[in-house]
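Open the model in your viewer and keep the selection panel at hand. The stops below say what to select and what to look at.

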Amino acid sequence: MKILTKWLRAYLPGLPVEDTQLAEDLTLRGIAVEGIYDLGAGNGSLFEMDITTNRVDAMNHYGVAREAAAIYGLPLPALEFALPGAEAAGKPFSVKIEAEDACGRFTARVLRHVTIGDSRDWFAGAEVATYFGLLEQKLISNAVDATNFAWLAMGHPTHAFDLDKIEGGIVVRRARKGETLKTLDGLQRVLDPEDLVVADHVKPLALAGVMGGWDSMITPETRNVLVEAAWFDQMAVRRTARRHGLHTDASHRFERGADFNAAPVASALVCSILLANGGSVEGELVDVRVPAIEARTAQRAPVSLALSEVQRILGTTVAAEGITATTVENVLTALGCGLASKTESGSASWQVSLPSWRLDVEREIDLIEEVARVYGYNGFANTLPSFGGGVRALPWAEAEAAVRRTLLAAGFHEAIGSTFCSAAEATLTAPQPGLVVPLGNPLSEEAGVLRPSLVPGMLTMIAGNLNRDVSDVRLFEVGTVFSGSTEKVEERPALGFGAAGSLPEQSALHAGRAIDFHDVKGVVEQVLARFQMRTVYFDGFPGETGLMPAWLHPYRAARIVADGITVGWFGQLHPSEAAARKVKEPVIAGEIYLDRLYMLPLRKPAAREISRFQPVRRDFSLVLEQSVAWESLDAALAGLQIPELVEWRVREVFRDARLGEREYSLLLGTTFQAPDRTLREEELQGFQARVVEAVGKAGARLRS
Amino acid sequence: MSTEAIPNLTAFDEAALDQAFAALEQQARAAAAALDTPEAVEAYRLQWLGRKQGRLNEVSSRWLKAAPAEAKKALGQRFNALKAVVESLLDAALGAGPSDAALAAEALDITLPGTRRLTGAEHPITRTLNEIVSVFAALGYSVGVGPEVETDFYNFEGMNFPPGHPARDTQDTLVVAGQERRAQRDRLLLRTHTSPVQMRTMELQPPPVRIVIPGKVHRNDAADATHSPIFHQVEGLCVDTNITFSDLKGTLDHAMKALFGSSVKTRFFPSFFPFTEPSADVQISCIFCGGKGCRKCKQSGWIELLGCGMVDPAVFAFAGEKQPAYDPKKISGFAFGMGVERIAMMKYGVSEIGQFYAGDMRFLGQFV
C-alpha cells in the first residue's frame with residue numbers, strides 16, 4: 001500500500017517532523033514504512049507501507065494520519081463533506097436488509113442528472129488528479145475515480161450503480177438457487193444460496209462487499225446514480241469471495257472488519273466528487289441499520305482496564321516513572337477510545353469505550369498492547385526473569401547425537417531431504433506398503449505423499465550429485481518418516497544413508513577402488529556398536545522370496561537384525577532403479593529405523609585389563625565350498641569358547657585357479673593370549689587343533 | 001676403502017711424530033666420513049681397531065717397538081690420542097644410522113597434496129539449530145518437540161487462529177488428503193510453524209514452563225531464493241507468574257548477543273501474531289556492517305530476525321481446558337519463534353535457500 005505524505009499533511013497541517021522521521025516513528029509503532037521515495041519539491045514523499053493484517057483501519061491515508069496524530073499528540077479533524085441541498089424526492093428510495101446476520105448497514109443516496117466524464121478538481125487541498133498522479137493511479141472517469149478516492153482516503157469500499165438499471169429498490173439478501181450474475185470482471189457467475197448479494201426487486205446487482213455487477217455499472221450514458229456505502233460481515237464476505245475465487249480491495253477490507261460509522265462519510269465523499277461535474281442530490285440519505293450488528297461494532301460495551309494489569313504484563317520501562325495513568329489515558333484517548341475513570345482501592349482503572357474502526361481491539365490485553373505500542377517498545381527495559389528449575393533434554397538426544405557422530409566420523413555429510421516423495425517412490429520403499437499418507441494439495445506430483453522412508457530422498461540426492469559429476473558421495477539424513485492413514489499419521493525417526501564413488505576419496509598416489517557393500521556394512525556395524533545389544537546379524541533373502549525390498553539388489557543387500565528385531569536394510573541399489581535414475585556407478589544405500597534402535601540402551605564405555613603377556617598369531621589357509629559363508633566359520637569359532645582365543649578374523653578372501661570351480665580360499669587370522677601367563681607351545685598346538693577341527697566341521701579344509 | 005699401508009717410521013723426533021700421526025688421523029677421518037651402511041661401519045671398526053689386523057694394532061707393533069726409549073712416551077701419548085679420535089668417529093658413525101646420501105635416495109615430493117579421507121560435515125541447519133538451542137539451554141530452557149503432521153486445533157485454533165480467520169491466509173498450508181468430512185479441529189495438516197508445541201507442552205505440564213522447540217515446518221509456498229516449502233524454526237515459550245514484556249526483551253537481547261556477538265543491538269517493533277499480544281518483530285543491528293548500512297541490510301543498519309510477544313490470554317484459555325493452572329489473570333508468559341534457514345543463510349553467506357535441501361556434496365563439504 002502506498003501513502004503520500006502530502007496527503008497526510010493535508011489532514012495534519014501541524015505535523016512537526018520531516019518525512020524520514022515520520023516514517024521511523026510510524027514504523028516503531030507498528031505502522032511499518034518499508035520504503036521512502038522522494039517525489040520532488042512540494043510533493044513530499046511516497047511511503048511504501050507494510051501493515052499487518054489486523055490493522056486494516058490504517059491501510060488508508062486518514063488511518064495513517066490518525067496514528068501520526070496519536071504519536072505527536074495532534075488534534076485530527078473529523079472527515080466531513082458537505083453536499084448541496086437536496087431536491088425533494090417523491091418517496092424515499094427503498095432499501096431493505098433481509099440478511100440481517102450479514103449486512104449491518106446499508107446507505108443509499110440518489111444523484112440525478114450527473115455527467116460521467118473526467119474527474120474535476122473538487123475542493124482545495126485535496127485534488128484527485130494531483131494525488132492520483134503522484135500515486136500513479138490511473139484516472140478513469142469521475143464515477144470510478146470517486147470510489148477509488150474514497151478508498152485511498154478512508155479505506156471504506158463504496159459502489160456506484162446506474163440507478164436506471166435498478167428495478168424497484170435495493171434488497172440485501174442471500175442469492176437464490178440458480179440465480180446468475182455477470183460481475184464487473186465480465187464473468188457470468190452462478191450464485192450459491194450462501195452468497196450475499198445486493199439485489200433489486202427482480203435480480204441480483206452485485207456480490208455484496210466483493211464486486212459489482214456488469215449490467216448495473218456506470219457507463220458514459222449514465223444520468224442517474226445510486227451510491228452505496230455499506231457494512232458487510234467479515235465471514236459472509238470471506239465465504240462469498242472464496243467461493244468465487246475473488247480477492248478485491250473491498251473484500252479484503254470487509255473480511256477484516258470495516259468501520260460501521262464510515263458508510264455515511266464515504267458516501268458523502270463519493271457524491272461530492274461526482275457532483276463536481278454537475279447534477280443534484282435527490283432526497284435524504286437512506287440509512288438502514290441492523291441494531292444487533294451496530295451493538296457489536298460501533299456500540300460495543302466498554303472494556304475494563306486496570307493500571308496494575310498494564311504493569312503486570314509490560315514490566316519495567318527504561319524511564320524511572322514507568323507506565324503511569326497519564327500515559328494510558330493520553331495514548332488511548334488519542335487512538336479514539338473514551339476513558340471513564342473508576343477509582344478502585346487507590347489503583348487507577350478505567351471503563352474504556354472502543355472506537356468503531358478498531359474491531360481488532362476488544363479485550364483488556366488489546367488495550368495494553370495499544371499502550372505499549374504507542375509508548376514505544378524500545379522504551380521498555382531489558383530484564384531477565386529469575387529461574388529455579390532444571391533443564392531437561394529429549395530422552396533420545398544422546399542416542400541421536402551418537403548416531404550422528406558415528407556417521408560424521410565415517411566421512412558422511414549430513415543432508416536434509418524432502419519430506420515428500422511420489423506415490424511410486426513410496427510404494428517402492430515403504431516398510432509397510434499400504435500405509436502411505438497422501439497429501440490433499442501437494443506441491444507437485446513428485447511430492448504427492450508423506451515420505452514413508454528416507455530412501456527416496458537419499459537416492460534423489462545421490463543421483464543429483466552423480467549427475468553433476470560429483471563422483472564421491474557419502475550422505476546421511478536423520479529425519480522423520482510417516483506411516484498410517486488419512487485418519488491417523490504415525491511419525492518415526494529414521495536414519496538414511498548412501499554412498500557412491502571410490503576410496504580413498506582423493507589421492508595423487510594411490511589408485512582408488514569403488515566403495516562397496518562391505519565398506520558401508522562397516523559403518524552400519526559402527527552405528528550398531530554404539531548401542532548395547534546381545535545379538536546382531538545380517539541376512540539376505542533370495543529374490544524369489546519377495547522379502548527383499550524391491551529397491552535393493554537381491555543378492556547384494558542385507559536386513560539388519562538386532563536382538564531379534566529388524567532395525568533396517570541396506571545394500572546396493574537395484575540396477576534397474578539405478579538405471580531409472582540415470583546412475584551408472586554402484587550406489588550403496590540403506591535405512592535404519594531409529595525408533596527401534598533408541599529402545600536399546602547406549603553402550604557405556606568401560607575399560608578392561610590389557611594383558612601384559614605376549615599375544616601369539618596363527619594364520620590358517622582354508623579352502624571352502626562356495627556355499628559356505630563366513631558366518632558358519634564365525635559361529636564355529638565362537639562355539640569353541642576358548643578364553644585364550646581373543647580374536648579371529650578374515651585376513652583375505654580370494655579365488656584361486658588351482659582350486660575347484662565352486663571353491664574359494666580364505667585366510668583366517670587368529671590371536672591367542674592369556675591374561676596371566678605366556679602361552680606354552682603345547683597349549684597353542686592344542687588350540688590350533690581345535691580350531692582346525694571346528695572350521696572343518698563348518699565346511700573348511702586346510703589348504704595343503 | 002683404500003687406505004695406505006702403515007709406513008715404517010725412521011725419525012722419532014716430535015715433529016716427525018706429529019706429521020706421522022696427523023697423516024693417520026686424516027685417513028681415519030676421511031674413511032669415517034664415507035661410512036653409509038651398518039656393514040661399512042663394521043668394516044671400518046675392524047680395519048682400525050681390529051685386534052689382529054687393525055691399523056692401530058699395526059702402528060703399535062711397528063712404531064712403538066722401533067722407537068728409541070726416549071721417544072716412547074711421546075709416541076704413546078699420540079697413539080692414545082689417535083685411538084680416542086678413531087673411537088669417537090666410530091661412535092658417531094654407529095649413532096648416525098644411514099648416511100644422508102642413503103636417505104636422499106628415499107626423497108618424496110612433499111608438495112604433492114595429502115591423501116584425504118572425507119570428514120563428515122554437520123548440516124548447517126542442524127548446526128544452527130543446536131547453537132540456538134544451547135543458548136536457551138543456558139538460560140534454563142528444556143528442549144521439546146512435536147509432530148510434523150498436526151491437527152488444525154494445535155496448529156491454528158489453539159493458537160488463536162479461529163476457523164475462517166484471515167490470519168490463516170498468511171500461512172498457506174499443506175493438508176493431508178481426505179480431511180473434508182472430519183471436524184475442523186481434527187483435520188490433519190503439515191504444521192506451518194513450531195508454535196503448536198507450545199500448546200502440547202502446556203497441556204502436559206503446569207507452569208512454570210521454559211521450553212525451546214526446534215523443528216521442521218512446511219508451507220504451501222512456491223520456492224524461490226529465500227522461500228522453501230520446507231524450513232525450520234526454533235520456538236520458545238516461557239510461562240510463570242510475573243513474566244513481563246521487559247523480560248521478553250531482555251531474554252531475546254541476551255540470546256541475540258550470545259548468537260551473534262556481544263556488540264549486537266536489538267530493537268523491537270509492534271507486529272501481529274494471533275497467539276501473542278502484544279506482539280513484536282525483533283531486529284538486530286546488521287552483523288555485516290555493524291549498523292552503518294550495507295547491501296545486506298538494505299542500507300538500514302538493521303536485520304529483521306524473529307517474531308515474539310506475550311502469550312495471548314486466548315491461548316492460555318485453550319491450555320486451561322486441560323491444565324487449569326494456566327489462568328491468564330495469575331500467570332503470564334512470552335513466546336518467540338525464529339526461522340533457522342534465515343539465520344544460517346546470514347551466518348554462512350548462503351544465497352539460495354534450496355541449497356540446504358539438495359544434498360550437494362560440494363555445498364555440504366564447506367561446513368566441515
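Two strands pair if DSSP finds at least two bridges between them. Helices (H or I, at least four residues) and strands (E, at least two) are DSSP runs, numbered from the N terminus.

This is a predicted model, in which local features need pLDDT of at least 70 and side-chain atom pairs count only at pLDDT 80 or more, while totals for chains, interfaces and linings use all residues. Residues are numbered from 1 along each chain as its sequence is written, and chains are lettered from A and ligands numbered from 1 in the order in which they are written.

**Stop 1: a sheet in chain A**

Select β4, β7, β10, β11 and β12 of chain A. These 5 strands form an open sheet in the order β4-β7-β10-β11-β12, with mixed pairing. At its edges are β4 (95-97) and β12 (211-212), each of which pairs on one side only. Now keep β4(A) and β7(A), residues 170-174: the two are parallel and share 3 bridges. Show Ile97(A) and Val172(A); Val172(A), in β7(A), is the bridge partner of Ile97(A).

**Stop 2: helices around α12 of chain A**

Two packed helices are described by the angle between their axes and the distance between the axes. Axes here are lines fitted to C-alpha atoms, for helices over the stretch in contact, and angles run from 0 to 180 degrees between N-to-C directions. Residues are in contact if their C-beta atoms, placed from the backbone, lie within 7 Å.

Select 307-314 and 364-375 of chain A, which are α10(A) and α12(A); their axes come within 10 Å and cross at roughly 70 degrees. The two helices are therefore roughly perpendicular to each other (angles under 35 degrees count as roughly parallel, over 145 as roughly antiparallel, 65 to 115 as roughly perpendicular and the rest as oblique). Which residues of α10(A) and α12(A) make the contact? From α10(A) come Glu309(A), Val310(A), Ile313(A) and Leu314(A), and from α12(A) come Glu364(A), Ile368(A), Val371(A) and Ala372(A). By class this contact has 6 nonpolar, no polar and 2 charged residues (Ala, Val, Leu, Ile, Met, Phe, Trp, Tyr, Cys and Pro count as nonpolar, Asp, Glu, Lys and Arg as charged, and the others, Gly among them, as polar).

Add α11(A), residues 325-334. The axes of α11(A) and α12(A) are 9 Å apart, at an angle of about 95 degrees; this pair, too, is therefore roughly perpendicular. On the α11(A) side, show Thr327(A), Val328(A), Val331(A) and Leu332(A); on the α12(A) side, show Leu367(A), Glu370(A), Val371(A), Val374(A) and Tyr375(A). The contact of α11(A) with α12(A) divides into 7 nonpolar, 1 polar and 1 charged.

**Stop 3: β25 to β27 of chain A**

Select 536-539 and 552-562 of chain A. These are β25(A) and β26(A), antiparallel strands joined by 4 bridges. Asp539(A) stands opposite Arg559(A) of β26(A). Extend the selection to β27(A), residues 565-573, which pairs with β26(A) in the antiparallel sense over 7 bridges. Here Val561(A) faces Thr566(A) of β27(A) as its opposite residue. The hairpin of β26(A) and β27(A) has 2 residues between the strands, and Asp563(A) in the turn has a positive phi of about 50 degrees.

Most residues other than glycine have a negative phi, and most peptide bonds are trans. Another residue to select is Asp469(A), a non-glycine with a positive phi of about 70 degrees. Asp469(A) lies in the loop between α15 (455-467) and β21 (473-484) of chain A.

**Stop 4: chain B**

Move to chain B. Its 7-strand open sheet has the order β1-β4-β5-β9-β8-β7-β6, and the pairing is mixed. β1 and β6 of chain B each have a single partner strand, so one side of each is left without a neighbour in the sheet. β6(B) and β7(B) run antiparallel and are joined by 7 bridges; Ser271(B) has Ser279(B) of β7(B) as its bridge partner.

Display the backbone at two prolines. The bond from Glu277(B) to Pro278(B) is cis, with omega about -5 degrees, and Pro278(B) is in strand β7 of chain B. The bond from Pro207(B) to Pro208(B) is also cis, with omega near 5 degrees; Pro208(B) is in the loop between α8 (196-204) and β4 of chain B.

**Stop 5: where the chains touch**

Show both chains. In all, 74 residues of chain B are in contact with 76 residues of chain A. On the chain B side, α9(B) gives the most, with 8 residues. By class, that side has 37 nonpolar, 22 polar and 15 charged residues.

Methods: Two residues are in contact if their C-beta atoms, placed from the backbone, lie within 7 Å.
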